[in-house]
Amino acid sequence: MVITRNFASFSEVCISSGTLFSYLRRQYNQYPIAKTSHICMCMPLSTSTMSSQPIATPLIKDNESLLRYLRQPMVLPHELDDDTKRRELVERTRRELQSMSKPLEAMKMIDTLDRLGIAYHFEDDINAILTTFSKSAQPNEDLLTTSLRFRLLRHNGFNISPEIFEKFLDQNGKFEESLTKDIPGLISLYEASYMGAGGEEILLQALEFSEGHLKSSKNNLTPQLSRQVSQALELPRHRRMARLEARRYIEEYSKENQYNNPDLLELAKLDYNKVQALHQMELTEITRWWKQLGLVDKLPFARDRPLECFLWTVGLMPEPKYSSCRIELAKTIAILLVIDDIFDTHGTIDELVLFTNAIRRWDLKAMEELPEYMRICYMALYNTTNEISYKILKENGWSVLPYLKAAWIDVVDGFMMEASWFSNGQVPKVEEYLENGVTTAGSYMALVHVFFLIGKGVTEESVQLLMNPYPKLFSNSGSILRLWDDLGTAKEEQERGDLASIIILFMKEKNITSDEEAREHILQLIHNIWKELNGELVSRNGLPLEIKKVALNMARASQVVYQHEEDTYFSNVDNYVMALFFTPFN
Ligand SMILES: CC(C)=CCC/C(C)=C/COP(=O)(O)OP(=O)(O)O
Ligand SMILES: [Mg+2]
């Protein structure tokens, strides 16, 4: 049996590799067979059957803590059992899914798998089932089934026409009154209506109809239905961040004793814990990188939030297969926050001009003209971007530096634009500010990196669509990010002396006197942009489905990170972080 154990870095762990190896030999009768910078593999002398089980490891800085760590059993027996059990359950669930003959049954199962955060195991099976659903129109299907079919298909990138809802309209073109008694059907219709794209009138109507009736009947329902209605009204499924929803729904599902499938529940919990352990490992790696980079030691005014950066990446790309993408993306966001702080709070306008020009030149000679505090940030950005480009070149053979660099130049140009507006006392138009704000929120920068880091569907044609201009998909999702950012951080930023906020601009431009009213308008704007985003998800815009899904996830994560009561921001995000990364299921 091979046991793998992940260390923060091999050199950090094996201050003396002899210590490790002889310790393993003595203690566990295991023998090291391979070492890389992150993994040490050990093989017991007595057997050669293999299975691997990575375990998250805390930073180990000296021999003392290494030995303390190693004194724990190498692989806890229950962890191996859990993994075997998890794999068995995945296969059992796959067989169950494949054998389902009734469409509604299969759809409900797909929906539950998705909600429990385990659908990624069955991607091919789900796609195969949905492909058959997309071809077979079912005239007699009820409201619940039709709506669920529509939502699942769109969610997975299939283009299905909303005409399938026409059969529920009466002679006056309104949803039939009799449907108001069908609460599960109404919930399903409500959830489906959030998949609507611009101009899809019938889905607008569906939203109004279902929302109105759900609100008015909420108090006269069974506790279970009432809970479902409240959940949907609070935030529809389509807008929820996957990992957070998995965390929440596993808890809810475990309470529904009569209705749940015990196999699915067990699988969801085991899988959640396994993915959480992977996230912890990534977090260890990012934190170690960030500490070694030492940027905030040199720039004490800058934000030091690797955990928050990582939360973003889990929002954007929750699936385990994107592990290394998350690590690289978190690095870019951490640096983005520092540059943002330089522009928003620390740099003088002359220094910012120098910095912007140096970034445009993108060479180390340009760095020499900068003040010392900017030089360190410059080089951190330069090196990190080169390293990411190198990694992509090594793995896929693509030279992506020109794209990554150009995206960063755009970010800094955007920051400079903001800085010059505010230093000249200029008030930009809302539209102008928003357009620039999409760039300064890092949206394009992040999505361009993700496009290459994921590496799916990267062709000469799709690369052409990536920049100049950026795709509408990116602008839509970036606008939602910027709007939520401003809704969430306006107060904090005003206190820090940063006056850039769409709320103030909106109030000025639209002659609105109340902050509250301006916020309402912005929420409506977000809702409208979501429709555009939904259109992009199913449009043939030439972009791969993987990046479309990430863009939608970015809009979802923005709401999670920024929607909060002003004074409870940190405690909210902290709660998410605790639940997502540090609290396993029993
Ligand atoms: C997925 C990505 C790209 C996440 C980055 C999040 C972000 C907007 C950080 C800047 O916050 P801020 O509120 O300090 O920015 P600003 O000062 O521009 O409002
Ligand atoms: Mg902000």
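Start by selecting the shell around ligand 1 in this predicted model: by class, seven of its residues are nonpolar, four are polar and four are charged. That shell holds 15 residues, and the closest to the ligand are Trp312, Ala441, Gly442, Ala446 and Thr489. Now colour three helices: H15 (323-346), H21 (443-454) and H23 (472-495) each put at least two residues into the shell. H15 gives the largest share, with five residues.

Keep H15 on screen and bring up the largest nonpolar core, a set of 134 residues. The members that touch the most others are Ile110, Ile339, Cys377, Leu447 and Val450. H15 turns up again here, since the largest share of this core, eleven residues, comes from that helix.

Next, click on Cys377. Which residues is it in contact with, once you leave aside neighbours within four places in sequence? The list is Leu295, Leu299, Val338, Ile339 and Ile342. Ile339 is worth a label, as it is also among the core residues touching the most other members.

Now jump to helix H26 (residues 545-562) and pick Ile547, which sits in it. Is Ile547 buried or exposed? It counts as buried, because it has 23 C-beta neighbours inside 10 Å and 20 or more is enough. Draw a distance from its C-alpha to that of Phe451: you should get 6.1 Å, although the two are 96 residues apart in sequence. Beyond its neighbours within four places in sequence, Ile547 is in contact with Leu447, Val450, Phe451 and Ile454.

Then select helix H19, residues 401-423. Its 23 residues should span 33 Å at 1.5 Å a residue, and the end C-alpha atoms are 32 Å apart, so the two agree. Show side chains for the buried residues: Leu404, Ala407, Trp408, Asp410, Val411, Val412, Gly414, Phe415, Met416, Glu418 and Ala419. Note that the list takes in Asp410 and Glu418, which are charged. To see what covers these buried residues, turn on H15, H16 (349-361), H18 (372-396), H20 (430-440) and H21, which are among the covering elements. Just past the end of H19, stop at Gly425, where phi is positive at about 70 degrees.

Finally, zoom out to the whole protein chain. You'll find 27 helices and three strands. Of the 586 residues, 38% count as buried. Look at contacts between residues at least 6 apart in sequence: 73% of them join residues at least 24 apart.

Key
Residues are numbered from 1 along each chain as its sequence is written. Chains are lettered from A and ligands numbered from 1 in the order in which they are written. This is a predicted model: local features need pLDDT of at least 70, side-chain atom pairs count only at pLDDT 80 or more; totals for chains, interfaces and linings use all residues. A residue is near a molecule or strand if its C-beta atom, placed from the backbone, lies within 6 Å of it. Helices (H or I, at least four residues) and strands (E, at least two) are DSSP runs, numbered from the N terminus. The expected span of a helix is 1.5 Å times one less than its number of residues. A residue is buried if 20 or more other C-beta atoms lie within 10 Å of its own, exposed if 12 or fewer, and partly exposed in between; C-beta atoms are placed from the backbone. Two residues are in contact if their C-beta atoms, placed from the backbone, lie within 7 Å. A nonpolar core is a set of buried Ala, Val, Leu, Ile, Met, Phe, Trp, Tyr and Cys residues joined through C-beta atoms within 7 Å.
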